[in-house]
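The following exercises are to be worked with the sequence and the three-dimensional structure at hand. Each task is followed by a solution in steps.

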Amino acid sequence: MAHKAYGLNELREMFLSFFETKGHLRLPSFSLVPQHDKSILLINAGMTPMKTYFTGEEEPPRRRVCTCQKCIRTADIENIGKTARHGTYFEMLGNFSFGDYFKHEAIAWSWEFLTSPDWVGLEPDRLYPSIYVDDDEAFDIWNKEIGIPAERIFRFGKEDNFWEHGSGPCGPCSEIYYDRGPEYGCGKPGCTVGCDCDRYIEVWNNVFSQFNNDGHGNYTELAQKNIDTGMGLERLACVCQNVDSLFDVDTVMNITHKVSEITGAHYGESHKTDVSLRIITDHIRSATFMIGDGILPSNEGRGYVLRRAARHGKLLGVNDPFLYKVCDTVIHENATAYPDLVEKKEYITRVIRVEEENFGRTIDAGMKIFADMLAAHKEKGETVF
């Protein structure tokens, strides 16, 4: 039986509602700008804004919390557009326990949400859990309580199944992979969960957060055992909508359609065009949310991501400012979950338009210098620039 193709906005609401039925307090997304955390430029994971709740430094509003967190990761910025799965902006669904429930509930609820016909309804026989190599407790829960045969549970080492992001709370984890079918595979005889190809895609990560990493590889037990669950919303939508990449998910594709309408460049025409369309789509999503959170364009750090999209407009032959016209679509697609974007619409649009105009002037001035130098060389009869 095939599962239902839920839209991205439906899946976000469904996840948060599900965890409300399990006694979780739904919190709005935190700002992309880290508060009291000098270790990162931008919020890059769902748990990051709540580090102090995990360590016990600060009292959480409730022991059980769920969020859909805006995130930006720039480590892979050079791969954006070139691959199907890299994006700077994404949303992270998360359910969190601060010293309340632990492995039994986290695993059972992740399985219920993904497989129950009342919720996402994915086919159980296409799902495969993985665990940290020596986590026998997690193995027994999957095997004896959930009923997954031993040969369908994969044990992986620290690189795959131990979650940490710099200093702070961390711990072993148990992921759930979805088998998209042999058509997505590499065709190699040993292709299975953990292969680098696109067949088995990780959709859920249960992190059993029980240690604190001091940043120098020293681990101490946390006073309280916590649960930090992360699941990329766009990735879940890919699986539910049975599409190839995060750029083909409904809300993201609607932004690309708007870019195509303005530029006249269409998805699928050529690899070069596709790369530019993906970069513009990705960066305008990032830019809209970043400016909404008070970040302004600059030549370094947070503001640099905002600078990159305009260049790809030029590569598609668009010389006039146009990104600001795409903001409307980004805001419209996200209006239900992020009403603050609607309130700040005029401001966001104005910042992007001014940035595009300034960038255009810089490029034009540079091109004039280049043209003058080229003309001077030619006058002298030189053939090498």
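**Exercise 1.** Does Phe-385 count as buried or exposed, and why?

*Solution.* The model is a predicted one. Begin with the location: Phe-385 lies in the segment that follows helix 12 (345-379). Next, take its relative accessibility, which is 54%. The cut-off for an exposed residue is over 50%; Phe-385 therefore counts as exposed. Finally, consider its surroundings: Phe-385 belongs to a nonpolar surface patch with Ile-363, Met-367, Ile-369, Phe-370 and Met-373, and together these residues have about 590 Å² of accessible area.

**Exercise 2.** Determine what span is expected for helix 7 (residues 250-263), and which helices its buried residues pack against.

*Solution.* Helix 7 has 14 residues, and at 1.5 Å a residue these should span 20 Å. The C-alpha atoms at its ends are 20 Å apart, in agreement with that expectation. Now list its buried residues; among them are Thr-251, Val-252, Ile-255, Thr-256 and Val-259. An α-helix has 3.6 residues a turn, so residues three or four places apart point the same way. The buried residues of helix 7 pack against helix 1 (8-21), helix 8 (271-292) and helix 10 (323-334). Just after helix 7, Gly-264 adopts a positive phi of about 80°.

**Exercise 3.** Describe the environment of Asn-206 in strand 8 (residues 200-213).

*Solution.* Asn-206 has a relative accessible area of 0% and is thus buried. The residues it touches include Ala-106, Ile-107, Pro-172, Cys-173 and Asp-228. The side chain of Asn-206 also makes a polar contact, at 3.2 Å, with the side chain of Ser-110.

Key:
Residues numbered from 1 in each chain as written. Predicted model: local features only at pLDDT ≥ 70, side-chain atom pairs only at ≥ 80, totals over all residues. Heavy atoms only, no water. Helix = DSSP H or I, 4+ residues; strand = E, 2+ residues; numbered from the N terminus. Expected span 1.5 Å × (residues − 1). Buried < 20%, exposed > 50% of the residue type's maximum accessible area, 1.4 Å probe, protein only. Contact = heavy atoms within 4.5 Å. Patch = residues over 30% accessible without salt bridge, like charges linked within 9 Å, V, L, I, M, F, W, Y side chains within 5 Å. Areas by Shrake-Rupley, 256 points an atom, 1.4 Å probe, with all protein chains shown as cover. Salt bridge = Lys/Arg side-chain N within 4 Å of Asp/Glu carboxyl O. Polar contact = N/O pair within 3.5 Å; in protein donor to acceptor, adjacent residues only side chain to side chain.
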